[in-house]
Amino acid sequence: MINLIFAIKFVHVVAAAVMLGCWLTLAVFMQLAHRSGNTSVVALVSRFAVNVEWVVMAGAIALQPISGFALAAAIGFSPLDEFWLVVSLVLYGVVAAAWLAALRIEIRIRDLARQAAIDGVPLPDDYRRLYRFYSIVTWPALAATIALFLLMVWQPRPW
């Protein structure tokens, strides 16, 4: 049984690391592309970001609750009886919702930047508005993902 617990824990921790690492990396690349002001750079980076979100991040987002509930069951925790697990589930919901919002924004940014690059024109004002909203969504969600890591490691219990 202990080997099963370690295997599930490994999957859970790797999925969490992928979530944090992928999102942080993509957010930094999107910011660097935005700061370049180069329409073609923004178009290419946002295209890659959307592809990575679908291939890598979506899998990690889906695997987190699956492995988390399996791990809780294997250890003998009832997810709704542990304070830190309830807080983790709420934070996970916030992170997942923010990820979906950020993905939708990235898709729209990708489309706008691609069209601007094809037309040889500067990025439109809609792009700047979307990028501001992307930043508002992404950076707090990354902080929530770090809080999830803290809860996984610390597992605070009320006395």
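## Exercises on a predicted four-helix model

At 23% relative accessibility, Phe 77 counts as partly exposed. The model in which this residue lies is predicted, and the exercises below begin with its ring.

**Exercise 1.** Determine how the rings of Phe 77 and Trp 84 are arranged, and state whether Trp 84 is buried or exposed.

*Solution.*
1. The ring centres of Phe 77 and Trp 84 stand 6.2 Å apart, and their planes meet at 80°.
2. Planes over 60 degrees apart count as edge-to-face, so the pair of Phe 77 and Trp 84 is edge-to-face.
3. Buried means under 20% relative accessible area; Trp 84, at 6%, therefore counts as buried.
4. The count of aromatic pairs comes to three. Ring pairs also join Tyr 127, Tyr 131 and Tyr 134 into a cluster.

**Exercise 2.** Describe the elements and the overall extent of the chain.

*Solution.*
1. The chain holds four helices and zero strands, so that its order from the N terminus reads α-α-α-α.
2. The C-alpha trace spans about 60 × 30 × 20 Å along its principal axes.
3. Among contacts with a separation of 6 or more, 80% are made by residues 24 or more positions apart.
4. Of the 159 residues, 39% count as buried.

**Exercise 3.** Identify which helices build the largest nonpolar core, and locate Val 42 among its neighbours.

*Solution.*
1. The largest nonpolar core comprises 41 residues; Trp 23, Val 42, Met 57, Ile 109, Tyr 127 and Tyr 134 have the most contacts inside it.
2. Two or more residues of this core come from each of helix H1 (2-36), helix H2 (39-75), helix H3 (83-119) and helix H4 (125-154).
3. The greatest contribution is that of H3, with 15 residues.
4. Leaving aside residues up to four places away in sequence, Val 42 touches Ala 33, His 34, Ile 109, Ala 113, Leu 123 and Tyr 127.
5. As a general remark, nonpolar side chains tend to be buried together in soluble globular proteins.

**Exercise 4.** Characterise the largest pocket by its volume and by its lining.

*Solution.*
1. The volume of the largest pocket is about 500 Å³.
2. Its lining consists of 25 residues, and those nearest the centre are His 12, Gly 68, Trp 84, Leu 85 and Met 152.
3. At least two lining residues are supplied by each of H1, H2, H3 and H4, with the largest share, seven residues, coming from H2.
4. By type, the lining divides into 18 nonpolar, six polar and one charged.
5. Trp 84 thus links two exercises: this residue pairs with Phe 77 and lies among those nearest the pocket centre.

Key
Residues numbered from 1 in each chain as written. Predicted model: local features only at pLDDT ≥ 70, side-chain atom pairs only at ≥ 80, totals over all residues. Heavy atoms only, no water. Core = buried A, V, L, I, M, F, W, Y, C linked by side-chain atoms within 4.5 Å. Buried < 20%, exposed > 50% of the residue type's maximum accessible area, 1.4 Å probe, protein only. Contact = heavy atoms within 4.5 Å. 1 Å grid on protein atoms, 1.4 Å probe; cavity = no way out; pocket = protein on both sides within 12 Å on 5 of 7 lines; lining within 4 Å. Points joined across faces, edges and corners; volume = space filled by probe spheres on them. Nonpolar A, V, L, I, M, F, W, Y, C, P; charged D, E, K, R; others polar. Phe/Tyr/Trp six-rings, centres within 6.5 Å; stacked < 30°, edge-to-face > 60°.
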